[in-house]
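Colleague: I have this model open on my screen and I'd like to learn how to read it. Can we go through some features together?

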Amino acid sequence: MERIKHRVTSYWALRAEGFETQRLREYDSEKRERWLTEFRRYLPEGKPLRILDVGTGTGFFACLLAAEGHETTGIDLTPDMVEHARHMTAVLGLDVRFLQMDAEEPEFGPESFDVLVTRNLTWTLPHIEKAYREWYRILSPGGVLINFDADYSAAMESVEEHELPENHAHKLVPDYMQAENEAITMQVGAYHQPRPQWDVQLLVEAGFERITVDMGVYKRIYAEIDEFFNPTPIFTIAAYK
């Protein structure tokens, strides 16, 4: 494993337990329906879908979509996240398959999934172009990749300051871990070009034919500053095979 991936995995292993607790609260909040509304903009209707949640963390998207009747799988590089994802699924009484796996090297056959979803993952990948090629490979014809992310490294010096509530995750993370997260962000960001423009270019090169970018998702999901608020404006990229 590359050194940066080991660093990312070590960081998120420390946050896995608290992350599950927060994601369970998010699942029971108004955010659940907001996320589903966003997914419905892109998901084919009228049939159960084979969905892969890439960089699933503790399984929030995988659980969200399994509860809607889809066959969902979640993968994550961090073993602790996978363990907590399985626990979260058990708590919610859902049937989801979770596997430890590198997002840049998914171990699935061609056309294994109808939909790929991911949230706040691609900014951590040193080889996004490789990931997009692999994700194209494992998508079925007509399938869609739905990527929620942000240009976190570019935003570090320009993001608007917000007064966050005391129960916000950023307030609960020790200073040394916040410093590590910032260091990882800048290290990985050195590999990246401006996003999401760069993503669109890479997705075209990977073979995707219809690509849309939505910069408005941020205001719809994070309409108020609460414990789930993301201070960095996220975008949605939907890319169809």
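Colleague: Let me start with T124: is T124 buried or exposed?

Modeller: One thing before that: this is a predicted model. Now, the call rests on relative accessible area, and buried means under 20%. T124 comes out at 11%, so T124 is buried. You'll find T124 in the loop between β4 (113–119) and α5 (128–138).

Colleague: What does the side chain of T124 reach?

Modeller: The backbone oxygen of L121, at 2.7 Å.

Colleague: Let's try helices. Which residues of α2 are buried?

Modeller: The general idea comes first. An α-helix has 3.6 residues a turn, so residues three or four places apart point the same way. Now take α2, residues 31–40: K31, W35, L36, E38 and F39 are buried there. Those residues sit on the same side of α2, because the arc they cover around the axis is only 155 degrees.

Colleague: And what covers the buried residues of α2?

Modeller: The cover includes three helices, α1 (3–27), α3 (60–66) and α10 (217–221), along with the strands β4 and β5 (139–149).

Colleague: Let me look at another helix. Which residues of α9 are buried?

Modeller: In α9 (197–206), the buried ones are W198, D199, L202, L203 and A206. Their arc around the axis is only 130 degrees, so they too lie on the same side of their helix. Now turn the helix round: the face away from that buried side carries Q197, V204 and E205, which are exposed.

Colleague: What covers the buried residues of α9?

Modeller: Look for α5, β5, β6 (210–214) and β7 (235–240), which are among the elements covering them. Also check what follows the helix: G207 comes after α9, and its phi is positive, near 120 degrees.

Colleague: Which residues that are not glycine have a positive phi?

Modeller: Here's the background: most residues other than glycine have a negative phi, and most peptide bonds are trans. E111 is one to look at, with a positive phi of about 60 degrees although it is not a glycine. E111 belongs to the loop between β3 (97–100) and β4, and counts as partly exposed at 40% relative accessibility. N120 is another non-glycine with a positive phi, about 50 degrees in this case. N120 sits in the loop between β4 and α5, and its relative accessibility of 26% makes it partly exposed as well.

Colleague: You brought up peptide bonds. Is the one from R195 to P196 cis or trans?

Modeller: That bond is cis, with omega near 10 degrees. P196 is in the loop between α8 and α9.

Colleague: How far apart are D214 and P196 in sequence and in space?

Modeller: They are 18 residues apart in sequence, and their C-alpha atoms are 9.7 Å apart in space. D214 is in strand β6 and is buried, with a relative accessible area of 17%. Beyond its neighbours within four places in sequence, D214 is in contact with Y42, R220, F235 and T236. Then zoom in on its side chain: a polar atom there lies 2.7 Å from the backbone nitrogen of G216.

Colleague: I'd like to see T58 too. Where is T58 found?

Modeller: T58 is in the loop between β1 (50–54) and α3. With a relative accessibility of 0%, T58 counts as buried. To see what surrounds a residue like this, leave out its neighbours within four places in sequence and list the rest. For T58, the contacts are A16, F19, E20, R23, M81, H84, A85 and M88.

Colleague: Last topic, cavities. How many cavities of 30 Å³ or more does the structure hold?

Modeller: One. The volume of the largest cavity is about 30 Å³. Its lining is made up of W123, A150, D151, Y152, S153, T185, G189, H192 and R195. Two elements, α6 (152–155) and α8 (175–189), each give two or more residues to that lining.

Colleague: How do the residues of the lining divide into nonpolar, polar and charged?

Modeller: Three are nonpolar, four are polar and two are charged. R195, which we met at the cis bond to P196, is one of the lining residues.

Methods: Residues are numbered from 1 along each chain as its sequence is written. This is a predicted model: local features need pLDDT of at least 70, side-chain atom pairs count only at pLDDT 80 or more; totals for chains, interfaces and linings use all residues. Side-chain values use heavy atoms; hydrogens and water are left out. On a 1 Å grid over the protein atoms alone, a cavity is a set of points where a 1.4 Å probe fits but cannot get out, and a pocket is an open set with protein on both sides within 12 Å along at least five of seven lines; lining residues have an atom within 4 Å of a point. Grid points are joined across faces, edges and corners, and a volume is the space filled by probe spheres set on the points. Helices (H or I, at least four residues) and strands (E, at least two) are DSSP runs, numbered from the N terminus. Ala, Val, Leu, Ile, Met, Phe, Trp, Tyr, Cys and Pro count as nonpolar, Asp, Glu, Lys and Arg as charged, and the others, Gly among them, as polar. Buried means under 20% relative accessible area, exposed over 50%, partly exposed in between (1.4 Å probe, protein chains only). A polar contact is a pair of N or O atoms within 3.5 Å; within protein, one must be able to donate a hydrogen and the other to accept it, and residues adjacent in sequence count only if both atoms are side-chain atoms. The arc is that of the directions from the helix axis to the C-beta atoms. Contact means heavy atoms within 4.5 Å.
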